[in-house]
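Please look over the structure shown below before reading on. The paragraphs that follow lead through it step by step.

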Amino acid sequence: MRDMSMTLDLTLTSLLSNCDRLQGVNMFSQKFIRHALLLSSRGKSGIRCRFRSTQAIAEKVTDGFVEDLRSIVGKANVSTAEAVRDQHGHDESYHETTLPDAVVFAQSVEHVSKVAKLCNDNVVPLIPFGSGTGLEGGINALKGGVCLDISQMKNVIEVNAEDFDCTVESGVTRGELNSYIRDTGLNFPVDPGADASVCGMCATSASGTNAVRYGTMRENVLNMEVVLADGTVLWTAGKNKRSRKTSAGYNLTNLFVGSEGTLGIITKATIRLYGIPEATLSAVVHFPSIQEAVDTTVQVMQCGVPIARIEFLDEAAIDAFNKYSKFDMKVAPSLFLEFHGSPSSVEEQKEVVEEIAKMNNGSNFKWATNADERNRLWKARHEIVYACTALVPGSKPYSTDVCVPISNLPAVIVQTKEMLKKENLVGPIVGHVGDGNFHIFFPVDHDHPEALTKIKAMSEKMSLLAMEMHGTCTGEHGIGMGKRELLEKEVGIEGLRAMQIVKNAFDPNQILNPGKIFPV
Ligand SMILES: Cc1cc2c(cc1C)N(C[C@H](O)[C@H](O)[C@H](O)COP(=O)(O)OP(=O)(O)OC[C@H]1O[C@@H](n3cnc4c(N)ncnc43)[C@H](O)[C@@H]1O)c1[nH]c(=O)[nH]c(=O)c1N2
Ligand SMILES: CC(C)CC(=O)C(=O)O
Ligand SMILES: [Mn+2]
């Protein structure tokens, strides 16, 4: 295999006289180098930079390279069939498919390590594939290369019921984990709706409907086994460690949470578990206006009610929900609620929330006490993506994902609704409003590119509004390829530079999920 990469080992001062050598470096790196030069010329930085161009890498997946992959994982575990590559070249979002050159089905951490080393030695892109349910094009193979499907590593390694934690391999989904541990009386509550892999959820820092009570993946991962670009295997908190707290050095665990396959491949995760609540009660309540529904949410949170779920759906979302899941709910801005606890604590929470909702003109409370009713309600809520997609046959989902401090939520949602009206755009709004997180859902029909342009512009406006209101352009879906251009606006050039330095340190050859997170 020929190594076509061009290594530029440059000090900032030597760069000053070598600007023409930047031609082979990608646009972001050029921008980064120029910025570093600027700082350096002002005497602010003595950073030594090492960049590698990743041009023409996909051409390296030759027949010989594929044979090398087969010799690591076995013939049956490597595919170059178009249907398999196609299935691995897109997630569930609107982003158009971009195929990897080969798909490898790893069966063990040794496989993952050897495949990573082979790709690194040959500077071939490597894209981890969890279960493909992402919403920001995270698995699209933008520069071809190898898609590493780790979904077949399905062991639950251990369950420490007395410590409320467990360790799973990369292919275990949250649904599978919860079935496996049902008899222990414990569960893993973080629920993005889709039956995603737990390690994929670590990779995107997922959350969803229960995060308001139990936190996001960031708060629930104790340790991870990670394979680095060169094949090194490490545990982010030390091998076999699973304490609730640690102040030992840098927080590597949280560095890898949300890294979207760009820093390493997560092959095992040790996560927190929770007792299945003694009593659970769900409810739906409708409001005359969005403002009143969101004001209710803010007041519930400010009163300190330990609510387990508080989900907002506007009238357009309820309409889609009714049609797709055969409900007959009042078409009005609504809150879906859930309370967990002892019977008396659930009763107490219910009384407080009912009172607050009524003060905000909430009506038609419907309570779901039995498990079947509750499951039907939440299954339908989690299928809202498909309900909204069904509004435009042949469309794919485009979702915004902003998150703001809770006190700014009413203003942001109301302004968003006005912006939608002004732009003449139809987009149901749903959200995990207890966290200040919500989505506008746009069905995208690729036959109408002008509609996509308009949606993207609207999405950017919303992200900017959220940032202005002290929030983020993504509360839970990640940056992927959809939000790359927004990252600098959110974290600033200094934040972006620090992230690039981390990326370069862990992945100097830029093989891990290239083209993601960083602006092009
Ligand atoms: C119907 C529906 C509803 C929702 C959602 C999806 C769908 C289809 N999602 C999004 C999605 O479920 C979430 O992003 C998951 O965490 C993705 O997990 P996958 O295993 O599918 O990762 P997937 O395979 O899609 O990969 C996502 C990214 O992570 C990387 N990756 C995956 N596994 C990895 C590993 N083991 N090591 C390193 N990198 C890895 C990939 O390279 C990619 O960049 C969501 N999300 C959310 O937070 N809240 C929500 O409410 C919803 N709702
Ligand atoms: C497409 C999104 C609306 C999916 C999601 O995050 C949700 O349903 O909460
Ligand atoms: Mn969501």
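A helix is here a DSSP run of H or I with at least four residues, and a strand is a run of E with at least two, both numbered from the N terminus. With these terms, the predicted model has a chain whose secondary structure comes to 18 helices and 21 strands. Of its 520 residues, 57% count as buried. Among contacts between residues at least 6 apart in sequence, 72% join residues at least 24 apart.

Asp 295 serves as a starting point. This residue has its place in helix α11. Between the C-alpha atoms of Asp 295 and Val 353 there is a separation of 12 Å, with the two positions 58 residues apart along the chain. When residues up to four places away in sequence are not counted, Asp 295 touches Asn 360 and Pro 410.

The next topic is the nonpolar interior. In soluble globular proteins, nonpolar side chains tend to be buried together. The largest nonpolar core of this model has 45 residues, of which Ile 307, Ile 310, Leu 335, Leu 337, Phe 438, Phe 442 and Met 458 touch the most other members. Two or more residues are given to this core by each of the helices α11 (290–302), α13 (343–359), α16 (409–422) and α17 (449–468), and likewise by the strands β14 (279–286), β15 (309–313), β16 (334–341) and β21 (437–444). Helix α17 supplies the largest share of the core, six residues. Phe 442 shows the surroundings of one core member: leaving aside neighbours within four places in sequence, Phe 442 is in contact with Lys 396, Pro 397, Tyr 398, Thr 400, Leu 420, Leu 425, Val 426, Gly 427, Ile 455 and Met 458. A second, separate core has 29 residues, including Leu 177, Ile 181, Ala 196 and Val 257.

Ala 196 also appears among the contacts of Thr 173, a residue in the loop between β8 (165–169) and α6 (174–180). Beyond neighbours within four places in sequence, Thr 173 is in contact with Lys 154, Asp 195, Ala 196, Ser 197 and Val 198. Thr 173 counts as buried because its relative accessibility is 8%, and the cut-off for burial is under 20%.

A pair of helices comes next. Two packed helices are described by the angle between their axes and the distance between the axes. Helix α3 (residues 63–73) packs against helix α5 (residues 109–122) at an angle of about 160°, and their axes are 9 Å apart. That angle makes α3 roughly antiparallel to α5, because angles over 145 degrees count as such. The crossing in which α3 passes α5 is right-handed. From α3, the residues Phe 65, Asp 68, Leu 69, Ile 72 and Val 73 meet His 111, Lys 114, Val 115, Leu 118, Cys 119 and Asn 122 of α5. By class, this contact has seven nonpolar, two polar and two charged residues.

Backbone geometry closes the account. Most residues other than glycine have a negative phi, and most peptide bonds are trans. Val 123, in the loop between α5 and β5 (126–129), has a positive phi, near 50°. Its relative accessibility is 1%, so Val 123 counts as buried. Glu 260 is found in the loop between α10 (252–256) and β12 (265–272), and its phi is also positive, near 55°. At 12% relative accessibility, Glu 260 therefore counts as buried.

Conventions
Residues numbered from 1 in each chain as written. Chains lettered and ligands numbered in written order. Predicted model: local features only at pLDDT ≥ 70, side-chain atom pairs only at ≥ 80, totals over all residues. Heavy atoms only, no water. Axes fitted to C-alpha atoms, helices over the stretch in contact; angles between N-to-C directions. Parallel < 35°, antiparallel > 145°, perpendicular 65-115°, else oblique. Left-handed = near helix turned anticlockwise from the far one by under 90°. Contact = heavy atoms within 4.5 Å. Nonpolar A, V, L, I, M, F, W, Y, C, P; charged D, E, K, R; others polar. Core = buried A, V, L, I, M, F, W, Y, C linked by side-chain atoms within 4.5 Å. Buried < 20%, exposed > 50% of the residue type's maximum accessible area, 1.4 Å probe, protein only.
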